[in-house]
Structure formats: structure tokens, C-alpha cells
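This report describes the fold of one protein chain, working from its central sheet outward to selected helices, loops and single residues.

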Amino acid sequence: MTQARSPKEYDAREHFWCPGCGDAGDLTAIKRFCLKHDIDPSMLVDSTGIGCSSKIGEYHRCNGHHWLHGRSLPVALAVKTVNPKLFVIDAGGDGDGGAIGMEHFIHSCRRNPSVVYILMNNQVYGLTKGQASLTAHKGLVTPTTPDGAKDDPVDLVELAIAAGATFVARGYSYRQDELGELLDAAYEHILAGRGFAYVETLSPCPTYHREPAHDQLKSWYEENILDVVTANREMHEMLVAARDIDPAYDPYDRARVLALLARVKETSGKLLTGILFRNDGKAALEEKLGVRDHAIVDLDLSPEANRETLERLIDSFR
Ligand SMILES: Cc1ncc(C[n+]2csc(CCOP(=O)(O)OP(=O)(O)O)c2C)c(N)n1
Ligand code: SF4
Ligand SMILES: [Mg+2]
């Protein structure tokens with residue numbers, strides 16, 4: 001592909017995340033992705049909530065905007081519905097999209113807009129000084145879990161699949177090439193108008209996520225990540241008798257994906273990465289609303305052009 005834009009065209013203000021923050025890896029991946037696909041920054045919308053991760057829309061050139069904590073997805077859906085030609089990314093943290101914004105997350109998966117949702121999961125509320133989030137692993141010590149987190153974490157990829165998302169993937173922000181591949185696949189899903197692409201990125205917070213048994217947080221992640229193809233092979237070998245796991249991983253098989261996630265949870269508790277699930281057969285929100293080829297943004301919404309409709313509407317209330 002010929003490169004029409006220079007990398008500088010995707011620059012915005014310098015980021016001020018802590019040294020080693022995984023969010024910086026996500027930012028690099030987004031910028032690389034934009035350059036690779038020659039994305040026009042004026043056609044790119046980055047809808048974000050509140051949190052360290054939600055600052056990402058300020059750090060690359062796009063139509064970036066913050067909304068209330070946990071409330072960015074409804075705005076992303078509205079933007080996409082009004083102007084389906086825009087490339088809409090929603091980005092934010094596990095606290096933002098998984099905790100306070102969980103209902104919007106579920107409804108977005110269900111409604112299936114062609115939006116890429118990048119959820120930067122660091123297991124804590126980084127911006128408010130490291131409280132445990134709903135994705136904190138059991139035993140994680142934080143200011144709100146001084147004796148270690150006691151509850152099972154919520155696996156947001158599992159939730160996304162159960163709620164009806166049509167593309168579900170998880171990457172790791174320190175592994176740029178893999179993350180780039182996931183973003184490429186999510187983009188392809190969006191361009192084909194197939195609907196909601198959930199891309200979770202494991203984005204370490206070295207400031208507040210402490211693992212006493214590890215000198216570096218990075219080694220904790222390396223130990224606790226497992227790619228889905230390897231997991232499928234290992235589970236197959238382990239569970240031949242169960243005969244419910246095929247040797248070849250098929251991300252289109254929803255029941256098997258969920259079975260694999262459950263078995264990995266029971267056995268090692270590792271976080272699966274890769275493209276976990278795809279469904280090409282569900283209508284996207286824009287299609288359901290009939291706005292893909294009749295964008296609301298192209299309509300003349302002036303009172304003059306709509307007087308008759310307006311009068312009919314007023315009459316209907318009489
Ligand atoms: C309605 C509301 N409740 C609480 C807050 C305080 N608050 C700001 S960011 C945040 C959590 C951020 O965590 P996460 O989304 O995981 O982002 P991170 O900082 O970890 O990247 C909270 C609780 C807020 N701004 N608004
Ligand atoms: S507090 Fe954590 S999430 Fe926030 S910028 Fe620092 S390392 Fe990143
Ligand atoms: Mg967080």
C-alpha cells in the first residue's frame with residue numbers, strides 16, 4: 001500500500017502517562033494502524049470516557065472527545081448512526097467501560113454498531129490511585145483490597161461474546177505486532193459493515209498494579225497470558241475424552257469459545273489472547289436502522305424542508 005500520509009500527521013499533544021504505562025503501547029498501535037491504512041484523521045472519531053486510558057483521544061490526531069465516566073459508548077453509537085461514513089473508535093478503561101459503563105457495553109454488543117471498542121484493561125482504576133476494578137485477579141492487593149481481592153474477576157471478553165458482540169479479541173499492549181494484527185482484523189470487520197468489534201488490550205499499570213512475587217510487572221503478564229490457539233491445542237490434548245474441543249481453533253463456533261474460556265479459567269486462570277470470536281452473520285446497527293445508504297447527516301433537516309412532516313406530527317398530538 002502506498003503511504004499517502006506521514007507519521008507526524010497522526011501526532012497530537014505529548015502524552016503524560018507514567019513511564020512503562022501499557023496505554024502508551026496502545027497509542028503506538030493505533031498510530032501505526034492509522035498510518036498503515038492511511039486513515040484520514042478528519043474522518044476518525046475517538047469517543048472516550050474518564051480515566052488514564054481515556055486520555056488516548058487527546059494524544060493522536062482525530063475528532064477526540066471525552067464524555068462522562070462510562071458514558072462514551074452511547075455517543076459513539078449516535079455518531080456512527082448519524083454519519084456511518086466516519087470511522088468511529090471508542091476507547092477507555094476497565095473501570096470506565098466494564099464497571100460504571102457496563103450496561104452500555106452490553107447494549108452495544110447487543111445492538112452491533114460498526115464501531116471498534118478498545119478497552120484498556122489494567123485491573124485497576126489508575127486515574128483515581130489504583131483501586132481494584134472488576135477485572136482485578138483474585139489476590140491483587142490495592143487500596144480497596146488490602147488483603148487481596150477476594151472475588152472472581154469478570155472476564156469482559158466472555159461477557160462481550162455472551163452479549164452478542166460480533167468480533168471479540170484480546171491483545172497485550174507490550175506486543176505491538178500482535179496488537180496490530182488484531183486492530184487490522186477489527187478494521188476489516190468494520191469496513192465490511194459487520195458490526196461491533198471489541199478489542200481488549202491488557203495494558204499494565206506499573207504504578208498501581210503490584211505483584212510482590214515479580215520484580216517486574218511484565219513478567220507477571222508473560223506468565224498469565226495464553227494465546228487462544230495454544231490454549232485450544234493444550235485443552236484438546238488434556239480433554240480428548242470430553243470430545244468437545246477440536247484441534248483446530250474455530251473462532252466462529254460460539255459454544256466452543258465459551259467452553260474453552262471456562263476450561264482455561266478452571267485450570268490455569270490465564271488470560272486468553274488472540275481473535276477469540278467472530279460472527280459474520282448478524283446485521284449491524286446501521287443496517288437495521290436503514291441509515292447506511294441514507295445517512296441522517298445528508299438529510300436536509302431544516303424546518304422549511306420538513307414543514308409538512310412537522311405539521312403532521314403536531315396534528316397527531318391534537
Ligand atoms: C460518575 C463518576 N464516578 C467516578 C469518577 C471518578 N473516576 C474517574 S476515572 C475513574 C476510574 C478509572 O479507571 P479506568 O476506567 O479503569 O481507567 P484507568 O485510569 O485505569 O486507565 C473513576 C472512578 C468520575 N469521574 N465520575
Ligand atoms: S497510573 Fe497507571 S494507568 Fe495511569 S498513567 Fe500511570 S501507569 Fe498508566
Ligand atoms: Mg483501569
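Two strands are taken to pair if DSSP finds at least two bridges between them. In strand E1, Asp 46 stands opposite Ile 89, a residue of strand E3. The model under discussion is a predicted one.

**Annotated region**

The UniProt record, an unreviewed entry, places the feature "domain: Thiamine pyrophosphate enzyme TPP-binding" at residues 50-200. Over residues 50-200 the chain is 37% helix and 21% strand. The C-alpha atoms at the two ends of that stretch are 17 Å apart.

**The sheet**

Eight strands form an open sheet with mixed pairing, in the order E2-E1-E3-E4-E8-E7-E10-E9. Its edges are strand E2 (63-66) and strand E9 (225-227), each of which pairs on one side only. On average, neighbouring strands of this sheet are turned by 20° against each other, direction ignored. Strands of a sheet pair through backbone hydrogen bonds, either parallel or antiparallel.

Three of the pairings in this sheet are set out below.

| Strand pair | Sense | Bridges | Residues opposite each other |
|---|---|---|---|
| E1 and E3 | parallel | five | Asp 46 and Ile 89 |
| E1 and E2 | parallel | four | Thr 48 and His 66 |
| E7 and E8 | parallel | six | Arg 170 and Glu 200 |

Strand E1 spans residues 44-48, and five of its five residues are buried, so E1 is largely enclosed by the rest of the structure. The side chains of E1 are divided between two directions: Leu 44, Asp 46 and Thr 48 point one way, and Val 45 and Ser 47 the other way. Both groups are buried. On one hand E1 pairs with strand E3 (residues 87-93), and on the other it is joined to E2.

Further along the sheet order, strand E7 (residues 167-172) and strand E8 (residues 197-202) run parallel. Gly 171 is found in E7. A residue counts as buried if 20 or more other C-beta atoms lie within 10 Å of its own; Gly 171 has 27 and is therefore buried. Beyond its neighbours within four places in sequence, Gly 171 is in contact with Glu 178, Leu 179, Leu 182, Val 199, Thr 201 and Thr 273. Gly 171 and Gln 123 are 48 residues apart in sequence, and their C-alpha atoms are 15 Å apart in space.

**Helices**

Helix H8 (residues 217-224) lies across E7, E8, E9 and strand E10 (271-278). Relative to E9, H8 runs at about 40°.

Helix H10 (residues 254-267) has 14 residues. From its first C-alpha to its last, H10 reaches 20 Å, close to the 20 Å expected at 1.5 Å a residue. The buried residues of H10 are Val 257, Leu 260, Leu 261 and Val 264. These residues cover an arc of only 100° around the axis, which puts them on the same side of H10. On the other side of the helix, Ala 255, Ala 262 and Glu 266 are exposed. H10 is followed by Gly 269, whose phi is positive, near 70°.

In helix H6 (residues 156-163), the residues Leu 156, Val 157, Ala 160 and Ile 161 are buried. Seen down the axis of H6, the buried residues fall within an arc of 140°, so they line one face of the helix. After H6 comes Gly 164, with a positive phi near 105°.

**Positive phi outside glycine**

Asp 38 is not a glycine, yet its phi is positive, at about 50°. Asp 38 has its place in the loop between helix H1 (22-36) and E1. It has 12 C-beta neighbours inside 10 Å and therefore counts as exposed.

Asn 112, also a residue other than glycine, has a positive phi near 65°. This residue is found in the loop between helix H5 (102-111) and strand E4 (116-121). Is Asn 112 buried or exposed? With 24 other C-beta atoms within 10 Å, Asn 112 is buried.

Notes: Residues are numbered from 1 along each chain as its sequence is written. Chains are lettered from A and ligands numbered from 1 in the order in which they are written. This is a predicted model: local features need pLDDT of at least 70, side-chain atom pairs count only at pLDDT 80 or more; totals for chains, interfaces and linings use all residues. UniProt positions are given in the numbering used here, feature names are shortened, and annotations may be inferred rather than shown by experiment. Axes are lines fitted to C-alpha atoms, for helices over the stretch in contact, and angles run from 0 to 180 degrees between N-to-C directions. Two residues are in contact if their C-beta atoms, placed from the backbone, lie within 7 Å. The expected span of a helix is 1.5 Å times one less than its number of residues. The arc is that of the directions from the helix axis to the C-beta atoms.
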